[in-house]
Amino acid sequence: MEYPWYSVVNEGTLEQGDIFFQCPILLPDTSLALPITEGTISADVKLFDVIIMTQSCDLAHEGKVEEVILCPHWDANKQIDESKMKKDYPRQISRGYIPRYALLSKCEIEALPMGLRVVDFSRIFSLPKSFMQDLAANGGSRLRLLPPYREHLSQAFARFFMRVGLPQDLELP
């Protein structure tokens, strides 16, 4: 039995695993002086390739969530950080040795081809659900990660955040 990784969607509904390219993310100016009070601040708009991590069941119910959780992703052919990562980092990620990252398979759907992608769980964004719905409705076709790969990605996301660091290693005999 074959399990495709992706489908193509055009509508404005959102689901976990929806992939957006060049999604505008508002980032505050890093030179802001503390304390920050209410009012106007300067910010930059950066474009990121992102995937929705918010659960589909939460997105489907009106009023359940106001913000959509997004994680960035990029082409796996681009080295993450050559000083810290070996050349076989996609294999290390796929085996779970680098919990910060997950891999998305390449997509060979003719309308929306995509190479192997790396998802970064350590950098999380959120945008208003209404903004993401507008982006989905007006942004044309997009890829949607399908089960069981969507659930596998969600589980990897949870594993990254559930890790517990101990202040002292266990002493073994």
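This is a short talk on the fold, one helix, one strand, one buried methionine and the two largest pockets of a predicted model.

Let me begin with the whole chain, which has 173 residues, 35% of them counting as buried. The secondary structure comes to four helices and eight strands, and from the N terminus on the elements run β-β-β-α-β-α-β-β-β-α-β-α. Taken along the principal axes, the C-alpha atoms fill a box of roughly 60 × 55 × 35 Å. If we take the contacts between residues at least 6 apart in sequence, 68% of them join residues at least 24 apart.

I turn now to strand β6, residues 117-120. In a regular strand the side chains alternate between the two faces of the sheet. In β6 both faces are covered, with Arg117 and Val119 buried on one side and Val118 and Asp120 buried on the other. As for its neighbours, β6 runs antiparallel to β4, residues 67-75, with three bridges joining the two strands, and it also runs antiparallel to β5, here with four bridges. Val118 appears in both pairings, since it stands opposite Trp74 and is also the bridge partner of Leu103.

In the loop between β5 and β6 we find Met114. Is Met114 buried or exposed? Its relative accessibility is 8%, and because the cut-off for buried is under 20%, Met114 counts as buried. Leaving aside residues up to four places away in sequence, Met114 touches Tyr6, Ile19, Phe21, Ser105, Lys106, Cys107 and Leu143. For a sense of distance, Met114 and Glu171 are 57 residues apart in sequence, and their C-alpha atoms are 47 Å apart in space.

The next element is helix α3, residues 129-138, in which Lys129, Met132 and Ala136 are buried. Seen down the helix axis, these buried residues fall within an arc of 65°, so they line one face of α3. The general background is that an α-helix has 3.6 residues a turn, so residues three or four places apart point the same way. What covers the buried residues of α3 includes β2, α1, β4, β7 and β8. After the helix comes Gly140, whose phi is positive, near 80°.

That leaves the pockets, and I will take the largest one before the second largest. About 280 Å³ of space lies in the largest pocket, which is lined by 15 residues, with Ile93, Ser94, Ala102, His152 and Ala156 the closest to its centre. Which elements each supply at least two residues of this lining? They are α2, β5 and α4, and the largest share, five residues, comes from α4. By class, the lining divides into eleven nonpolar, three polar and one charged.

The second largest pocket holds about 180 Å³ of space, and of the 14 residues that line it, the closest to its centre are Ile19, Phe20, Phe21, Ser141 and Arg142. Here β2, residues 18-28, and β8, residues 142-145, each supply at least two lining residues, with the largest share, five residues, coming from β2. The classes in this lining are nine nonpolar, four polar and one charged. To tie this back to the loop, Ile19 and Phe21, which are among the residues closest to the centre of this pocket, are also among the contacts of Met114.

How values were computed:
Residues numbered from 1 in each chain as written. Predicted model: local features only at pLDDT ≥ 70, side-chain atom pairs only at ≥ 80, totals over all residues. Heavy atoms only, no water. 1 Å grid on protein atoms, 1.4 Å probe; cavity = no way out; pocket = protein on both sides within 12 Å on 5 of 7 lines; lining within 4 Å. Points joined across faces, edges and corners; volume = space filled by probe spheres on them. Nonpolar A, V, L, I, M, F, W, Y, C, P; charged D, E, K, R; others polar. Buried < 20%, exposed > 50% of the residue type's maximum accessible area, 1.4 Å probe, protein only. Contact = heavy atoms within 4.5 Å. Pairing = 2+ DSSP bridges. Arc of directions from axis to C-beta.
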